[in-house]
Amino acid sequence: MKDFRGSGEKDLLATELGMNEGGWYSTTHLTMKVYINGEYFDKENAKISVFDHGLLYGDGVFEGIRLYSGCVFKLDEHLDRLEKSAKAILLSLPWTRAELSEAVCATCRANNLRDGYIRLVVTRGVGSLGLSHKTCSNPQLIIIADKISLYPQEYYTQGLKIVTSPTRRVNPAAFPPMVKSLNYLNNIMAKADANMSGCLEALMLNDQGYIAECTGDNVFIRHGDVWLTPAYHAGALKGITRGVAIECIHELGLKLVETNITRYEAWTADEMFLTGTAAEIIPVVEVDTRVIGDGTPGSQTAKLLEIFQRKVKVEGTMIE
Ligand SMILES: Cc1ncc(COP(=O)(O)O)c(C=O)c1O
């Protein structure tokens, strides 16, 4: 894998650009071309209307996708989730799956990227100042392709320390957390809770007190021979990387159960890791000051990460 996380390039980027509080850094390459509705714009000219409901209300959906060695990983799965998110919020997409797929690949080509992170955004489009989605008839498609990585390499070798956020994951009866919508304030507030505790990630509980997920990642814990992850009905995004991690667990011949998980079960776990498109598979070594296992990344997590990294090298949609 052309994994710039582990290379000198990452260190250069981290030094030159500075890590922000959340851990993200980006090359924001100067020649970046941003795709908006079939046209490419320089970064500084990539703009949409201030009357777009994506801006006014967070009304829209998005995907975060990875490009590895010139292949878009799990592109179909991401587009499927995008279409389902759009359907759930009554946003009718005027693009076919094939058109969306080609737009993603073309944007990577236009930016000469072989490895990177793709942000695909669909806004409801321009409307009145009222809430009604019916005043918006022209959804906007924005694709940004950039080099980006979530956490510095040391977190993969030493593991993350996380805390439980007092901010509960949004109740599915209020709004389905399975929708990857442009309104991320629930997660942003929980991330702020994590940052204020000196951590990069936080566990988010659902309204019943079970673990739903982290602010931008899904959660896995191991007790003995069994890996556990919250069912997405517990209030989690149905993560694409979560699905790949489940495949990896099965490929290792290990057992996986989707179930309700309490904080007690996380505190007393033998191993723990988080999954996400940007973070991939990242070990957790401490939750709410309780040390997980022996306080170092678990051996099964390392094996799962290895399988994951093999998969991203050989699977995906070629951009050429
Ligand atoms: C709230 C939330 N949970 C989980 C994930 C992980 O999902 P995926 O593996 O599809 O990136 C994300 C990713 O953005 C997220 O925002």
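## Strand pairing, domains and a ligand shell

Strands S9 and S10 (residues 202-205) pair in the parallel sense, over two bridges. Within that pairing, Val 163 has Ala 202 of S10 as its bridge partner. S9, which covers residues 160-164, is also joined to strand S16 (residues 280-287) by three bridges, and these two strands run parallel. Here Lys 161 is matched with Glu 286 in S16. All of this comes from a predicted model, so let us look at confidence before going further.

**How confident is the prediction?**

The average pLDDT of the protein chain is 91, and 90% of the residues score at least 70. Residues 1-23 are a stretch where the pLDDT is below 50, and in the model this stretch has 35 contacts beyond near neighbours in sequence. Where pLDDT is low, the predicted coordinates should not be read in detail.

**The antiparallel sheet**

Seven strands make up an open sheet with antiparallel pairing, in the order S3-S2-S7-S6-S4-S5-S18. At its edges stand strand S3 (39-42) and strand S18 (317-318); each has a single partner strand, so one side of each is left without a neighbour in the sheet. Helix H4 (residues 97-110) packs on this sheet and touches strand S2 (33-36), S3, strand S4 (60-68), S5, strand S6 (116-123), strand S7 (140-146) and S18. The direction of H4 makes about 40 degrees with that of S7.

Three of the pairings in this sheet can be set side by side, each with a residue pair that you can find in the structure.

| Strands | Bridges | Sense | Residue pair |
|---|---|---|---|
| S2 and S7 | two bridges | antiparallel | Tyr 35 and Ile 143 |
| S6 and S7 | seven bridges | antiparallel | Tyr 117 and Asp 146 |
| S5 and S18 | two bridges | antiparallel | Val 72 and Thr 317 |

In the table, S7 appears with S2 and again with S6, in keeping with the place of S7 between these two strands in the sheet order. The S5 of the last row spans residues 71-72.

**Two domains and their contact**

The domain assignment of the protein chain gives domain 1 as residues 28-146 and domain 2 as residues 154-314. Their centres, taken over C-alpha atoms, are separated by 26 Å. Where the domains meet, 22 residues of domain 1 and twelve residues of domain 2 take part in the contact. On the domain 1 side, S4, helix H3 (75-88) and S6 each supply at least two residues. S4 gives the most to that side, with eight residues. By class, the residues of domain 1 that touch domain 2 divide into eight nonpolar, eight polar and six charged.

**Around the ligand**

Which residues are the closest to the ligand? They are Leu 237, Gly 239, Ile 240, Thr 241 and Thr 277, in a shell of 14 residues that surround the ligand. Two elements give two or more residues to this shell, namely helix H7 (240-251) and strand S15 (271-276). H7 gives the most, with three residues. Sorted by class, the shell has nine polar, three charged and two nonpolar residues.

Terms used. Residues are numbered from 1 along each chain as its sequence is written. This is a predicted model: local features need pLDDT of at least 70, side-chain atom pairs count only at pLDDT 80 or more; totals for chains, interfaces and linings use all residues. Two strands pair if DSSP finds at least two bridges between them. Helices (H or I, at least four residues) and strands (E, at least two) are DSSP runs, numbered from the N terminus. Two residues are in contact if their C-beta atoms, placed from the backbone, lie within 7 Å. Axes are lines fitted to C-alpha atoms, for helices over the stretch in contact, and angles run from 0 to 180 degrees between N-to-C directions. A residue is near a molecule or strand if its C-beta atom, placed from the backbone, lies within 6 Å of it. Ala, Val, Leu, Ile, Met, Phe, Trp, Tyr, Cys and Pro count as nonpolar, Asp, Glu, Lys and Arg as charged, and the others, Gly among them, as polar. Domain bounds come from an automatic or database domain assignment. pLDDT is the predictor's confidence in each residue, from 0 to 100.
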